[in-house]
Amino acid sequence: MEQVLFYIFAGMILVFSVLTVTSRRILRAAVYLLFVLVAAAALFFLMQFEFLAAVQLTLYAGGIIVLIIFSVMLTSHVSEKLEPVKFGKAAFAFAASAAGAALTVYTLLSYPFPEVSAAEIDTSMKRIGSELLGYQANGYALPFEVISILLLAGMLGVIIIAKRSEK
Amino acid sequence: MKPVFLKFSLYDFSEWIKSIHQWLIELAGPTIGHLLGLALVGTCFLLFTALLGLSVVYIERKVCAFFQQRLGPMRVGPYGTAQTVADIIKLLFKEPTMTKESDKFLFMLAPFIIMIAPFMVLAAIPFAKGLHVMDLNIGLFFILAVSSIGVTGILLAGWSSNNKYSLIGAMRSGAQIVSYELSVALSLLTIVVLTGSLQLSEIVASQADGWWIFKGNFPAIVAFIVFTIASTAETNRGPFDMAEAESEITAGFHTEYSGIKFAFFFLAEYVNLFIVSAVAATVFFGGWMPLHIGNIEFFNNAMDLIPPIVWFFMKIAVIMFLVMWFKWTFPRLRIDQLLTLEWKYLLPISVVNLLLMSFIALKGWHF
């Protein structure tokens with residue numbers, strides 16, 4: 001049962017990610033990307049990493065995709081289509097991605113995947129929260145704070161740029 | 001038939017559900033049985049949403065009529081009760097029109113995306129003891145995460161219709177939903193500070209000696225008010241129904257939809273209304289937990305006589321009435337007023353409220 005579901009979601013990810021880059025309508029590409037991200041969230045659910053799955057849904061499906069759709073909506077028209085890619089470019093892109101895929105598959109196949117005997121890892125929300133704010137060894141308090149300051153700086157920058165253009 | 005179905009009890013569904021599960025597995029083996037169970041749950045939810053749509057639309061029309069001193073639907077069936085059934089039949093037989101210059105694939109897809117989100121959220125809501133499809137560790141976060149997908153459907157519907165009114169409606173609704181999500185999340189977090197868990201069953205269990213709206217002092221009441229306002233805006237209902245403001249932009253993002261596809265948007269709105277009320281009932285009013293006051297035994301026992309599922313639906317009905325009340329009382333806001341309300345008032349209020357609640361929880365001043 002789980003295996004069947006895994007193959008369904010993996011197939012979805014493969015098909016829709018190819019469609020994302022080959023579609024000539026930009027908003028359709030965004031929707032295919034949405035499917036890819038949702039299927040990835042489904043895989044996380046399947047592995048019972050529920051927190052990660054929900055983060056994937058909020059950030060990517062609910063945040064990034066909405067942002068992309070917003071910007072596409074403001075800039076392009078329904079009838080607009082991207083120009084078909086030239087053959088040389090397409091061939092080069094295909095070769096590059098095939099090489100990347102081959103490298104990944106080779107690494108995956110040659111890695112022995114040793115069996116892990118450790119007890120099941122606790123992935124509950126509480127544990128994640130205390131790890132994120134932990135300042136002992138293996139705590140993530142510093143990166144957490146650095147990222148918060150980065151985000152704050154980004155927000156301030158956006159507000160300043162938006163205000164300036166009003167004059 | 002085995003005595004499997006005799007275990008039915010209105011007070012605790014877990015035994016009954018377990019026995020149905022056992023029976024299905026005995027009947028068809030573990031894999032097929034499991035699939036049958038999933039199909040059964042899905043069918044239940046489909047029927048439930050259809051019935052919900054029918055009844056809530058009727059109730060809304062009656063409530064609206066009541067506030068406007070009219071009678072509302074009276075002709076079809078006794079007191080107009082069959083009016084919505086007639087409406088559904090009408091919608092089913094209408095021609096599904098299609099604009100010539102629209103992006104047809106996205107145009108067809110949008111209503112489905114809008115319907116999927118509320119269905120996934122329904123699965124996470126505890127209806128009664130044991131009547132709960134997925135009791136996730138991250139329950140409340142899951143609800144927030146999944147409901148944020150719905151807005152994609154609205155944006156797609158507006159854009160793919162290739163109609164200026166649809167586009168304006170979709171832009172408005174996108175801006176509105178993305179901003180009001182923050183207040184919804186912050187006001188729910190205010191209560192999570194007290195429960196210490198996002199799991200909905202634990203949130204309900206933590207209210208066994210009183211609901212959080214009473215136990216949580218002043219900040220809980222503020223959080224409830226903020227949640228009600230913000231979630232009304234998130235479901236695109238009046239006075240925040242800028243996305244479909246009839247008098248300005250015909251019908252907003254679903255202008256070009258007709259027949260059953262229009263019915264999808266309509267149904268999704270009412271299912272979302274139900275979900276918002278259900279989340280409010282679960283987090284602030286104890287979900288299916290009967291009204292308990294501390295350790296007053298005889299009072300608590302008397303309240304326990306009413307089945308939990310009745311409590312749950314009673315609470316939802318009261319909150320829905322509240323939401324309908326202010327839909328039919330206040331005039332529609334302008335889009336800039338709406339964004340001002342969120343960013344300059346609700347968001348600062350809910351951040352301060354969250355801090356206040358954390359302080360109270362730290363000091364142990366709540367009950």
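# A guided tour of chains A and B

Select A:Ile8 to begin: it has 12 C-beta neighbours inside 10 Å and therefore counts as exposed. The model under view is a predicted one. A:Ile8 belongs to helix α1 of chain A, which covers residues 2–22. For a sense of scale, add A:Ser110 to the selection; the two residues are 102 places apart along the chain, and their C-alpha atoms are separated by 25 Å.

**Chain A: domains and a loop residue**

Next, colour chain A by its domain assignment, with residues 1–82 as domain 1 and residues 124–167 as domain 2. The C-alpha centres of these two domains of chain A lie 25 Å apart.

Move then to A:Thr123, in the loop that runs between α4 (87–110) and α5 (125–132) of chain A. How exposed is A:Thr123? The residue counts as partly exposed because it has 15 C-beta neighbours inside 10 Å, where 12 or fewer would make a residue exposed and 20 or more would make it buried. Display A:Phe49 and A:Phe51 as well, since A:Thr123 touches both, leaving aside residues up to four places away in sequence. A:Phe144, by contrast, is 21 residues from A:Thr123 in sequence and 18 Å from it in space, C-alpha to C-alpha.

**The contact between the chains**

Now show both chains together. Their contact takes 22 residues from chain A and 30 residues from chain B. On the chain B side, α2, α4, α5, α6 and α7 each give two or more residues. Which of these elements gives the most? It is α6(B), with six residues. By class, this side of chain B has 19 nonpolar, nine polar and two charged residues.

**Helix α6 of chain B**

Select residues 150–160 of chain B, which form helix α6. Eleven of its eleven residues are buried, so the helix is largely enclosed by the rest of the structure. Among the buried residues are B:Gly150, B:Ile154, B:Leu155 and B:Trp159. To see what covers them, add elements from both chains: the cover includes α2 (26–46) and α3 (50–75) of chain A, and α4 (104–123), α5 (139–147) and α7 (164–195) of chain B. Just after α6(B), stop at B:Asn162, whose phi is positive, at about 55 degrees.

**Helix α5 of chain B and the nonpolar core**

Helix α5(B) is the next selection. It is mostly covered, with nine of its nine residues buried; B:Gly139, B:Phe141, B:Phe142 and B:Ser147 are among them. These buried residues pack against α3 of chain A and against α4, α6, α7, α8 (200–205) and α12 of chain B.

Within α5(B), centre the view on B:Phe142, which touches A:Ala54, B:Ala124 and B:Leu136, not counting residues up to four places away in sequence. The largest nonpolar core has 109 residues, and B:Phe142 is one of those that touch the most other members, together with A:Leu37, B:Ile191 and B:Phe284. Which element supplies the largest share of this core? That share, 16 residues, comes from α12(B).

**Where α2 and α12 of chain B cross**

Select α12(B), residues 259–284, along with α2(B), residues 30–67; they pack at an angle of about 90 degrees, with their axes 9 Å apart. The two helices are therefore roughly perpendicular to each other. From α2(B), the contact is made by B:Thr49, B:Leu52, B:Gly53, B:Val56 and B:Val57, and from α12(B) by B:Leu267, B:Tyr270, B:Val271, B:Leu273 and B:Phe274. The residues of this contact divide into eight nonpolar, two polar and no charged.

**The domains of chain B**

Finally, colour chain B by domain: residues 8–93 are assigned to domain 1 and residues 98–363 to domain 2. The C-alpha centres of the two domains of chain B lie 20 Å apart, and their contact takes 19 residues from domain 1 and 23 residues from domain 2. On the domain 1 side, α1 (14–28), α2 and α3 (83–93) of chain B each supply at least two residues. Highlight α2(B) here, as this helix gives the most to that side, with eleven residues. The residues of the domain 1 side divide into 14 nonpolar, three polar and two charged.

How values were computed. Residues are numbered from 1 along each chain as its sequence is written. Chains are lettered from A and ligands numbered from 1 in the order in which they are written. This is a predicted model: local features need pLDDT of at least 70, side-chain atom pairs count only at pLDDT 80 or more; totals for chains, interfaces and linings use all residues. Helices (H or I, at least four residues) and strands (E, at least two) are DSSP runs, numbered from the N terminus. Two residues are in contact if their C-beta atoms, placed from the backbone, lie within 7 Å. Axes are lines fitted to C-alpha atoms, for helices over the stretch in contact, and angles run from 0 to 180 degrees between N-to-C directions. Angles under 35 degrees count as roughly parallel, over 145 as roughly antiparallel, 65 to 115 as roughly perpendicular and the rest as oblique. Ala, Val, Leu, Ile, Met, Phe, Trp, Tyr, Cys and Pro count as nonpolar, Asp, Glu, Lys and Arg as charged, and the others, Gly among them, as polar. Domain bounds come from an automatic or database domain assignment. A nonpolar core is a set of buried Ala, Val, Leu, Ile, Met, Phe, Trp, Tyr and Cys residues joined through C-beta atoms within 7 Å.
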